[in-house]
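Trainee: Got a minute to go through this one with me? I'd like to start with the surface.
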Amino acid sequence: MLSIPCPNCGPRAQLEFAYMGAADRTRPQTDDIASWRRYLYFHPNSAGWTAEHWLHVAGCGGLIRIERERSTNESRAVDGCREAAR
Amino acid sequence: MSLRGRPSYSALGLLSHGLRRQRWPEVLRDPQQKSRYDVVIVGGGIHGLATAYYLAARHGVTRVAVVEQAYIGSGSTGRNTAIARSNYLTPQGVAFYQHSLDLWYAMASDLNFNVMFEPRGHLTLGHDDGALRTLRWRAEVNRTLGIDSEMLTPQECRKLVPLLDISNEPAHPVIGGLWHPPGGTMRHDAVVWAYARAATALGVDVLQQTRVDAIELTGDRVSGVVTTRGRIETNMVVNCTAGWSSLVSALVGLELPITTVPLQAAVSEPVRPFLNTVLASSNLHVYIYQTARGEIVIGGAVDPFPSYSMRGSLEFIEEVAAHILELVPALTHLRILRQWSGICDMTPDAAPIMGRSPVDGFVLNVGWGTYGMKAGPAAGEAVAALIATQDVPPLIEPFGLSRFADGRQVNEKGAAAVGY
C-alpha cells in the first residue's frame with residue numbers, strides 16, 4: 001500500500017489522495033503553440049525520485065508536495081507547507 | 001512439419017521420442033552476442049519479437065538481435081489479459097487493429113505453433129447515454145470498414161451472457177451493448193514462444209538476461225549499443241520496451257509523450273463454464289472472460305498514478321469485485337487465485353507511436369499503453385517493413401511521433417481501455 005506523508009495529517013493511504021502531477025513544471029511564457037504542445041505532452045517520465053503534487057481529498061484537502069521513488073513507491077515529505085499549484 | 005530441421009511435434013514424433021527417452025534439443029539456444037548486427041531490437045516482448053520475425057521472414061534481414069533485460073515475455077506481454085479486437089473509435093485505429101486481428105486468426109498456421117487463439121467475441125456494455133453514444137460511434141466506424149460490430153439491447157446482451165443482470169437493481173443498470181464477434185483471446189506466453197522460435201529458426205539472435213546500458217551516437221546518428229554483454233556496432237536500434245520506453249529513449253536524449261502507469265489484473269479459481277465471450281463495461285471500468293480452464297480473468301482501469309512498480313493492490317480487487325457483482329451477481333462467492341500488475345506506456349491520445357524519431361537510426365515501436373498485445377503482429381510487421389524498405393507503411397503513417405507537435409492526434413480514448 002502506497003503511503004503519502006501528508007504534512008497536516010501524517011502518513012495516510014494513497015487511496016485518500018488524488019495524484020496532481022509532477023511538480024516543478026514551468027508553463028511556457030509565450031502563446032506559441034509548439035511550446036505548449038511540448039509542455040503538455042512531453043515529460044521525463046523518470047523512474048527514480050520525483051517531486052509531485054497530491055491533493056488530500058479524503059483528508060485535510062491540502063495540496064501537498066512530496067518526493068516519491070517511482071520504482072518502489074517509497075515516498076518522503078520535502079516541506080511542511082501547503083503549496084498553491086503554479 | 002519441422003521448422004528448418006528442428007524436431008516436429010506430431011503425435012507420432014512425440015510418441016517415438018518419448019519411447020527413446022532422449023533429451024529434446026533446445027529450441028531457443030542462448031547465442032553469443034555478436035560484435036555487429038544490422039538491427040538491434042531492445043525489448044523481448046511481442047513487439048520486439050514480432051519485429052524481428054517479420055524482418056527475417058518477410059525481408060530476409062536476419063542479422064538481427066533482440067536484447068531482453070530479463071526473460072522473453074517478462075514485461076507487459078506476459079502480464080496482459082490477452083484480448084484481440086478491432087472495435088476502436090477512429091478509422092485509422094480500426095484499420096490498424098483489424099489488420100492485426102487478421103494476423104491473429106492466421107498466426108497458429110503461419111508460425112506453426114498453437115497460440116490458443118479463440119475467437120469468442122467481445123461485448124462492451126454501456127450504462128449511460130454518453131457511453132452508448134461512444135459505443136454506437138465505434139459500431140458505425142467498424143461497419144463502414146466492413147467489420148462486424150453492432151449495437152444490442154440489454155435483452156440481446158443477456159442472450160449472450162445469461163447470468164448478466166439487466167434489471168434496474170444495480171446502481172448503474174445496463175442500457176445497451178456493443179457486440180463485436182471477431183474479437184478473441186489468446187495465450188500470451190505461447191505467442192512469445194511462437195515468435196521467438198520462428199525468429200530464431202531464421203537466424204535472429206535472442207539475447208535474454210541482457211540489458212542495454214547505453215546507445216552510442218556519432219553526430220546525430222546511432223552507431224552502436226552497449227549491453228551487459230559488451231558493445232555492438234549497429235546503425236539501427238528499435239525501441240520495443242513498452243513501460244520502459246522513456247528510459248531507453250533517454251539513452252539517446254529523446255523525451256517521449258509517455259507516462260508509465262501500472263495496470264493490474266487477476267484470475268479466479270476455475271468454475272463451471274458460464275461465459276462464452278469477453279464481457280466489458282465502459283462505465284464500470286471492468287472486464288472479464290472465462291478461460292478454457294474455467295478461470296475468470298479480470299481486468300480493469302490503470303492505477304491512478306504513474307509508477308514503475310509492478311505490485312498489485314487491495315484497492316484494485318475491491319473495486320473490480322464490486323463492479324463485477326453489479327454485472328454478474330452469481331459470482332458473489334468467486335475466489336481470486338492471484339493478482340498481478342504490469343506497466344503501461346500511456347500516450348495522450350491512447351494511440352501508439354510507431355516510426356522514425358528525430359534521432360537517425362532510432363526507431364520507435366512504443367506507446368502501447370493498455371492496448372499493445374492485440375497490436376503486436378501488425379506493429380511488428382509494419383515496423384519491420386519501415387526498417388527494411390525505408391518507406392513508412394500507410395497503415396502506421398498516422399501514428400508517428402510528430403503527430404503531437406503537429407496537433408494530429410489519433411484520439412482513441414474511450415475505445416482503448418475500460419478506464420475512461
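Mentor: Sure. Accessible areas here come from the Shrake-Rupley method with a 1.4 Å probe, and for residues only the protein chains shown count as cover. On that basis, chain B has an accessible surface of about 17100 Å², and carbon and sulfur atoms hold 53% of that.

Trainee: Anything I should know about the model and numbering?
Mentor: The model is predicted, so to speak of local features takes pLDDT of at least 70 and side-chain atom pairs count only at pLDDT 80 or more, while totals for chains, interfaces and linings use all residues. Residues are numbered from 1 along each chain as its sequence is written, chains are lettered from A and ligands numbered from 1 in the order in which they are written, and side-chain values use heavy atoms, with hydrogens and water left out.

Trainee: How many helices and strands are in chain B?
Mentor: Chain B has 10 helices and 19 strands; these are DSSP runs numbered from the N terminus, helices being H or I of at least four residues and strands E of at least two.

Trainee: And what share of chain B is buried?
Mentor: Of its 420 residues, 58% are buried, meaning under 20% relative accessible area (1.4 Å probe, protein chains only).

Trainee: Switching topic, how do β10 and β11 of chain B run?
Mentor: Antiparallel: β10(B), residues 221–227, is joined to β11(B), residues 230–233, by four bridges. Strands pair if DSSP finds at least two bridges between them.

Trainee: What do they form, with how many residues between them?
Mentor: A hairpin, with two residues between β10(B) and β11(B).

Trainee: Which residue stands opposite Gly224(B)?
Mentor: That's Glu233(B), in β11(B).

Technical notes
Buried means under 20% relative accessible area, exposed over 50%, partly exposed in between (1.4 Å probe, protein chains only).
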